[in-house]
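Hello,

Here is the structure I promised to pass on to you. My notes follow below it, so you can read them with the model open.

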Amino acid sequence: MILPIIVYGSPVLRKEATNIEKDYPDLQNIIATLFETMYHAKGVGLAAPQIGLPICLFVIDSEKMEEENSGAIPVKCVFINPEIVEFFGEDTPYNEGCLSVPGINEDIVRKSSVKIWYQDENFVEHETIFTGMPARIIQHEYDHLFGKTFVDKLSPLKKTLLKGKLRDISTGRVETKYKIKV
Ligand code: ZN
């Protein structure tokens with residue numbers, strides 16, 4: 001199922017997400033919906049709060065970005081109840097966007113690598129190191145679970161400059177190729 005993506009300004013994107021158990025209702029369908037909605041919107045990552053569910057779950061598939069950039073092997077993965085245990089490597093800028101903040105792309109500095117603990121779609125535990133594009137997407141999606149978007153990382157000046165655009169997004173006055181919900 002493809003759902004509309006909740007945009008900047010909606011309270012659900014500000015909520016801190018909660019951990020879930022294996023018996024969380026309809027979980028496998030929710031995961032499939034996240035992937036479908038993400039692919040439909042041509043995204044590389046999507047967090048559950050972006051479809052209105054404040055739970056600790058996000059999916060990524062870096063294929064689209066790896067094609068455009070490094071050519072590295074893409075990572076497709078489901079992260080449940082994740083915890084980044086270490087951020088390391090170089091501070092790396094990248095022109096980032098977000099499906100919940102359509103039409104805005106800004107340079108965001110993030111660490112080049114993370115070590116993350118998480119449970120997969122079968123609740124098997126992993127602790128894995130990701131580097132490069134997957135590490136960037138993971139950090140971006142992880143922020144969504146704490147009620148944050150990349151807009152929170154911008155300088156006050158930049159935020160002021162984007163004020164009008166952000167207001168338009170929060171009231172749905174923005175062109176997108178996918179459905180949005182304010
Ligand atoms: Zn995002």
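A word on naming first: helices here are DSSP runs of H or I with at least four residues, strands are E runs of at least two, and both are numbered from the N terminus. Please also keep in mind that this is a predicted model.

**Helix α3**

With that naming in hand, let me start with His140, which lies in helix α3. Is His140 buried or exposed? Its relative accessible area is 7%, and the limit for buried is under 20%, so His140 counts as buried. Beyond its neighbours within four places in sequence, His140 is in contact with Glu96, Gly97, Cys98, Arg110 and Phe150. If you wonder about His40, its C-alpha atom is 19 Å from that of His140, and the two residues are 100 apart along the chain.

The rest of the helix follows suit: 12 of the 12 residues of α3 are buried, so it is mostly covered. The buried residues include charged ones such as Arg136, Glu141 and Asp143. The cover over the buried residues of α3 includes β2, β3, α2 (63-68), β4, β5 and β6 (125-131). As a check on its geometry, the 12 residues of α3 should span 16 Å at 1.5 Å a residue, and the end C-alpha atoms are 17 Å apart, which agrees.

After α3 comes a loop that runs to α4 (156-161), and Thr149 lies in it. Thr149 counts as buried because its relative accessibility is 6%. Tyr8 and His144 are its contacts once neighbours within four places in sequence are set aside.

**Helix α1**

The same check works for α1 (residues 27-40): its 14 residues should span 20 Å at 1.5 Å a residue, and its end C-alpha atoms are 20 Å apart, in agreement. Leu27, Ile30, Ile31, Thr33, Leu34, Phe35, Thr37 and Met38 are the buried residues of α1. They pack against β1 (5-6), β2 (45-47), β3 (57-61) and β4 (76-96).

**The nonpolar cores**

Which residues of the largest nonpolar core touch the most other members? Among its 21 residues, these are Phe58, Ile60, Phe79, Ile116, Phe130 and Ile138. Two or more residues of this core come from each of β3, β4, β5 (106-119) and α3. With five residues, α3 gives the most to this core. A separate core has 20 residues, including Ile30, Leu34, Met38 and Ile55.

Ile60 is worth a click. Leaving out neighbours within four places in sequence, Ile60 is in contact with Phe35, Met38, Val44, Gly45, Val75, Lys76, Cys77, Phe79, Pro134, Ile137, Ile138 and Glu141.

**The largest pocket**

The largest pocket holds about 620 Å³ of space. It is lined by 29 residues, and those closest to its centre are Lys42, Gly43, Gly97, Cys98 and Leu99. At least two lining residues come from each of α2, β4 and α3 (133-144). Which element has the largest share of the lining? That is α3, with four residues. By type, the lining has 11 nonpolar, 10 polar and eight charged residues.

**Positive phi angles**

Most residues other than glycine have a negative phi. Three exceptions may interest you here.

- Lys42, just after α1, has a positive phi of about 60°. Lys42 is also one of the residues closest to the centre of the largest pocket.
- Asp26, in the loop between β1 and α1, has a positive phi near 65°. Its relative accessible area of 51% is over the 50% limit, so Asp26 is exposed.
- Asn81, in strand β4, has a positive phi of about 50° without being a glycine. Asn81 is buried, because its relative accessible area is 8%.

Asn81 leads to one last pair. Gln119 lies in strand β5 and is buried, with a relative accessible area of 12%. The C-alpha atoms of Gln119 and Asn81 are separated by 6.3 Å, although the residues are 38 apart along the chain. Not counting residues up to four places away in sequence, Gln119 touches Val78, Phe79, Ile80, Asn81, Val124 and Glu125.

Happy viewing, and best wishes!

Definitions and conventions:
Residues numbered from 1 in each chain as written. Predicted model: local features only at pLDDT ≥ 70, side-chain atom pairs only at ≥ 80, totals over all residues. Heavy atoms only, no water. Expected span 1.5 Å × (residues − 1). Buried < 20%, exposed > 50% of the residue type's maximum accessible area, 1.4 Å probe, protein only. Contact = heavy atoms within 4.5 Å. 1 Å grid on protein atoms, 1.4 Å probe; cavity = no way out; pocket = protein on both sides within 12 Å on 5 of 7 lines; lining within 4 Å. Points joined across faces, edges and corners; volume = space filled by probe spheres on them. Core = buried A, V, L, I, M, F, W, Y, C linked by side-chain atoms within 4.5 Å.
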